[in-house]
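I opened this entry to keep a record of what I looked up, in the order in which I looked. The structure comes before the notes.

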Amino acid sequence: MDKKILESKNYSLSYKIDNKKKYYILRNINIEIFKKQKVALIGESGSGKSTFAYSLLNLIPRDEIDFCGEINFYSDKICCKKKFLLNFSDEDELNHIRGNHISIIFQDPFSALNPVFIVGKQVEEMILNHNKKISNDELHLKTKSLLKSVKLQDIDIVYKKFPHQLSGGQLQRICIATSIANIPELLIADEPTTSLDAQLRVEVLDLINSFVKKNYMSLLLITHDLNIVKDYVDYVYILYAGEILEHGHGNVLSKNPLHPYTQLLISAYPDKTKKGKLLPVIEGQMPNLTEKKFFTRCIFFNRCPKKIEKCNSLVPDFYKAGDSFVKCFLYEK
């Protein structure tokens, strides 16, 4: 196994609502990512996936949150091998890590780009921010090379376009070019295919996968789509209502999901074998994350078809089952 590049240790985060209530969005998140490893964080909308991604880059305003635990970044390219990402007082040092050592592809390419600048200049800005000595000619050539590498056509024309003049697929390729411009050690892809059709989804994921492999990057793929696990990632964490419920190797989890929530996610996914059949529905709703009482039992209790009596009064630990780890009393030994 390669060296560890990032880890979160018992990381919890809550949004401040008012003086009396908080929104406990993430609780005791323990995730490890190793060099050259591709990891997926999977869960339905509202589970806290993007909040965790933004935490890694310290993008959430401090006056809006309370947090505890650690998020550590380990780099051979920074003089200090261990960086506690939540404890930066120097904004310049943090900006050096953002886009240079850790980069992100945001979920919505339409809002990720500045509407008043041509896209070529926006790619150049990312390069220039971390390479002040580059000449104008070198900068221009590198930008054109990046646009070509993400398989955009008519590079000279696209370079001069404003974001509103390009399609969603083109904009997402621009965002990918921007995120890989400085060959980061860790690339975060936050739902990079949400606004794309089926064909473009495959093309974009293949493109991200090829860059990660070619440049020996690590990847954190944020998604709600379990179907991509077997093709694009090595390891998977299943997130539900702010808690990790199961984690294991991607090919194992896609073939043999253990937690009732993971099983329901996979069974609800449409594919050719289910044509003409009604897909199962996960009954009920996520718990109210402003109420601490929901954290004194299994967080999936109110929606679980396999719950037992103790699920209503105790919080399960992680139990090892085969090659996976699952937070469920059904696997207690």
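The notes below go from the sheet to the helix pairs, and then to an aromatic pair and the backbone angles.

**Sheet.** I kept in mind throughout that this is a predicted model. I began with the strand order, and found an open sheet of eight strands that reads β6-β7-β8-β3-β9-β10-β12-β11, with mixed pairing. At the edges stand β6 (102-105) and β11 (319-321), each of which has a single partner strand, so one side of each is left without a neighbour in the sheet. From one strand to the next, the twist averages 20 degrees.

I then looked at one pairing inside this order, that of β9 (residues 235-240) with β10 (residues 243-249), where the strands run antiparallel and are joined by six bridges. In this pairing I noted Ile-238, which has Glu-246 of β10 opposite. I next asked which helix packs on the sheet. Helix α1 (residues 49-56) does, and I listed its contacts as β3 (38-42), β6, β7 (186-190), β8 (218-223) and β9, with the helix direction making about 150 degrees with that of β8.

**Hairpin.** Towards the start of the chain I looked up β1 (residues 4-16) and β2 (residues 22-34), which pair in the antiparallel sense over nine bridges. Five residues make the hairpin that joins β1 to β2, and within the pairing Leu-13 has Leu-26 of β2 opposite.

**Helices α4 and α5.** For the helix pairs I recorded both an angle and a distance, since two packed helices are described by the angle between their axes and the distance between the axes. The axes of α4 (residues 119-129) and α5 (residues 136-149) come within 9 Å and cross at roughly 115 degrees. The two helices are therefore roughly perpendicular to each other, given that 65 to 115 degrees counts as such. The crossing in which α4 passes α5 is right-handed. On the α4 side I wrote down Gly-120, Val-123, Glu-124, Ile-127 and Leu-128, which meet Leu-139, His-140, Lys-142, Thr-143, Leu-146 and Leu-147 of α5. Sorted by class, this contact of α4 with α5 holds six nonpolar, three polar and two charged residues.

**Helices α7 and α8.** Here the axes of α7 (residues 168-180) and α8 (residues 198-214) come within 11 Å and cross at roughly 10 degrees, which makes α7 roughly parallel to α8. From α7 the contact takes Gly-169, Gln-172, Arg-173, Ile-176 and Ile-180, and from α8 it takes Leu-200, Glu-203, Val-204, Leu-207, Ile-208 and Phe-211. I sorted the residues of this contact of α7 with α8 as seven nonpolar, two polar and two charged.

**Aromatic pairs.** How many aromatic pairs does a search of the whole structure find? The search gives seven, and I followed up the pair of Tyr-240 and Phe-300, whose ring centres are 5.1 Å apart and whose planes stand at 85 degrees, so the pair is edge-to-face. Tyr-240 belongs to strand β9 and Phe-300 to the loop between α11 (260-267) and β11, so this pair ties together parts that are 60 residues apart in sequence.

**Backbone angles.** Lastly I looked for positive phi values outside glycine. Asn-28, which is not a glycine, has a positive phi of about 50 degrees, and its place is in strand β2. Ala-241, likewise not a glycine, has a positive phi of about 50 degrees and is found in the loop between β9 and β10.

Definitions and conventions: Residues numbered from 1 in each chain as written. Predicted model: local features only at pLDDT ≥ 70, side-chain atom pairs only at ≥ 80, totals over all residues. Heavy atoms only, no water. Pairing = 2+ DSSP bridges. Helix = DSSP H or I, 4+ residues; strand = E, 2+ residues; numbered from the N terminus. Axes fitted to C-alpha atoms, helices over the stretch in contact; angles between N-to-C directions. Contact = heavy atoms within 4.5 Å. Parallel < 35°, antiparallel > 145°, perpendicular 65-115°, else oblique. Left-handed = near helix turned anticlockwise from the far one by under 90°. Nonpolar A, V, L, I, M, F, W, Y, C, P; charged D, E, K, R; others polar. Phe/Tyr/Trp six-rings, centres within 6.5 Å; stacked < 30°, edge-to-face > 60°.
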